[in-house]
Amino acid sequence: RKEMVYSIGTREAKETAIDLVKVVLGLCLVFAPWALGFTSEMAATRNAWIVGAAIALIALGALFAFREWEEWVNLELGVWAILAPWLLGFATVAAALYAHVIIGLIVGVLAALDLWMIRNRPVSRT
């Protein structure tokens, strides 16, 4: 199946809203170390910065020139955010754990929902 490219004008409002939410969630993860007080845990802080920025930038890109791979990457980033506390060894830092797991879960679900919506969209004949 050929990958479709959608712009902000051709995507449905709910799809645009999903990407806006992912931008906000990515930014929340970027700022979580300061807001939730875990800047002293460098693995958690660096992961929050990198993963949060990647989520936000990819979702922002999807707003202007949507490609399906962007949702797959955000799905993978969401899964990584969920697993990172254990894989990087900061699961005992409650604030970092909750920030990563909750944001990762929401981003992953939203990316999966967006993928489901684009794969089940009727093909336009115009």
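This is a friendly conversation between a student and a tutor about a predicted model.

Student: What makes K22 and D19 a salt bridge?

Tutor: The closest N and O atoms of K22 and D19 are 3.1 Å apart. A salt bridge needs a Lys or Arg side-chain nitrogen within 4 Å of a carboxyl oxygen of Asp or Glu, so this pair qualifies. Both residues lie in helix 1, three residues apart, about one turn of the helix.

Student: Why is K22 called buried?

Tutor: Buried means under 20% relative accessible area, and K22 has 0%, so the word fits. D19 is also buried, with a relative accessible area of 0%.

Student: How do you know that K22 and E71 meet in a salt bridge?

Tutor: Here the distance is 2.3 Å from N to O. That value is within 4 Å, so the pair counts as a salt bridge. K22 lies in helix 1 and E71 in helix 3 (residues 68–87), so the pair ties together parts that are 49 residues apart in sequence. E71 is buried, at 0% relative accessible area.

Student: And why do D114 and K22 count as a salt bridge?

Tutor: Their closest N and O atoms are 3.9 Å apart. The cut-off is within 4 Å, so D114 and K22 pass too. Because D114 sits in helix 4 (residues 94–119) and K22 in helix 1, this pair ties together parts that are 92 residues apart in sequence. D114 counts as buried, with 0% relative accessibility.

Student: How many salt bridges does a search of the whole structure find, and which residues are linked in a network?

Tutor: The search finds three salt bridges. The network links D19, K22, E71 and D114.

Student: Let's turn to the aromatic rings. Why is the pair of F31 and W34 called tilted?

Tutor: The ring centres of F31 and W34 are 6.1 Å apart, and pairing asks for centres within 6.5 Å, so they are a pair. Their planes stand at 45°. Stacked needs under 30 degrees and edge-to-face over 60, so 45° leaves tilted. F31 and W34 are three residues apart in helix 1, separated by about one helical turn.

Student: What makes W34 exposed but F31 partly exposed?

Tutor: Exposed means over 50%, so W34, at 52% relative accessibility, counts as exposed. F31 has 48%, which lies between the 20% and 50% limits, so it is partly exposed.

Student: Why is the pair of W34 and W49 called stacked?

Tutor: The centres of W34 and W49 are 5.6 Å apart, with 25° between the planes. Since 5.6 Å is within 6.5 Å and 25° is under 30 degrees, the pair is stacked. W34 lies in helix 1 and W49 in helix 2, so the pair ties together parts that are 15 residues apart in sequence. W49 is partly exposed, at 33% relative accessibility. Ring pairs link F31, W34 and W49 into a cluster.

Student: Which residues form the nonpolar patch on the surface?

Tutor: The patch is made of L27, F31, W34, M42, W49 and I50, with about 630 Å² of accessible area together. Helix 1 (13–36) and helix 2 (42–64) are the elements that give two or more residues to the patch.

Student: Finally, why is A43 called partly exposed?

Tutor: A43 has a relative accessible area of 28%, which falls between 20% and 50%, so partly exposed is the right term. A43 lies in helix 2. Leaving aside neighbours within four places in sequence, A43 is in contact with L88 and F90.

Key: Residues numbered from 1 in each chain as written. Predicted model: local features only at pLDDT ≥ 70, side-chain atom pairs only at ≥ 80, totals over all residues. Heavy atoms only, no water. Patch = residues over 30% accessible without salt bridge, like charges linked within 9 Å, V, L, I, M, F, W, Y side chains within 5 Å. Areas by Shrake-Rupley, 256 points an atom, 1.4 Å probe, with all protein chains shown as cover. Helix = DSSP H or I, 4+ residues; strand = E, 2+ residues; numbered from the N terminus. Buried < 20%, exposed > 50% of the residue type's maximum accessible area, 1.4 Å probe, protein only. Contact = heavy atoms within 4.5 Å. Phe/Tyr/Trp six-rings, centres within 6.5 Å; stacked < 30°, edge-to-face > 60°.
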